[in-house]
Amino acid sequence: METNYSNEVDYIIEYNKIIELCIYFDRVYYDSETIDLTLIAFAFTKKGMNYLEQLHNEWNDVRELLEPNALIKLRTNEKLNTNKLYFLDNKGNFIPYKTNSTIKKMITTINK
């Protein structure tokens with residue numbers, strides 16, 4: 001990823017290939033026929049992102065129950081919205097109209 005590409009499109013194409021390879025490895029490693037049984041790939045589906053969002057957003061409720069017994073101040077989470085963060089369909093295929101915009105956001109975040 002350190003290579004200087006001539007333009008953003010080449011960078012995004014290469015990034016797509018790397019993500020696709022990671023998702024392929026995830027499915028093969030876990031010998032999974034369905035996306036639901038993989039670890040990495042499932043997280044990038046709408047269902048997976050909704051699950052991560054729910055876990056993140058419900059931490060504050062758990063924190064209130066744990067805080068009386070905590071030795072340190074527990075962090076409060078801000079609300080998380082994952083609607084724009086998934087880019088795989090339920091079969092594990094890239095959603096074309098979402099892929100490039102999601103990857104552009106990731107690239108922007110990495111470059112900060």
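This passage describes a nonpolar core, a surface patch and the surroundings of R75 in a predicted model.

In this predicted model, local features require pLDDT of at least 70 and side-chain atom pairs count only at pLDDT 80 or more, whereas totals for chains, interfaces and linings use all residues. Residues are numbered from 1 along each chain as its sequence is written, and side-chain values use heavy atoms, with hydrogens and water left out.

The largest nonpolar core (a set of buried Ala, Val, Leu, Ile, Met, Phe, Trp, Tyr and Cys residues joined through side-chain atoms within 4.5 Å) consists of six residues, namely Y15, I19, I23, A41, F87 and L88. Helix α1 (residues 8-29) supplies the largest share of this core, with three residues. Buried denotes under 20% relative accessible area, exposed over 50%, and partly exposed in between (1.4 Å probe, protein chains only). Helices are DSSP runs of H or I with at least four residues, numbered from the N terminus.

Helix α1 also contains L21, which is exposed, with a relative accessible area of 57%. Together with Y24 and V28, L21 forms a nonpolar patch on the surface.

R75 lies in the loop between α4 (59-66) and α5 (96-111) and is exposed, at 60% relative accessible area. Beyond its neighbours within four places in sequence, R75 is in contact (heavy atoms within 4.5 Å) with H56, W59 and R63. The C-alpha atoms of R75 and W59 are 9.2 Å apart, with the two positions 16 residues apart along the chain as the sequence separation.

Technical notes: Helices (H or I, at least four residues) and strands (E, at least two) are DSSP runs, numbered from the N terminus. Patches are made of residues with over 30% relative accessible area and no salt bridge: like charges are joined within 9 Å, nonpolar side chains (Val, Leu, Ile, Met, Phe, Trp, Tyr) within 5 Å. Accessible areas come from the Shrake-Rupley method with a 1.4 Å probe; for residues, only the protein chains shown count as cover. A salt bridge is a side-chain nitrogen of Lys or Arg within 4 Å of a carboxyl oxygen of Asp or Glu.
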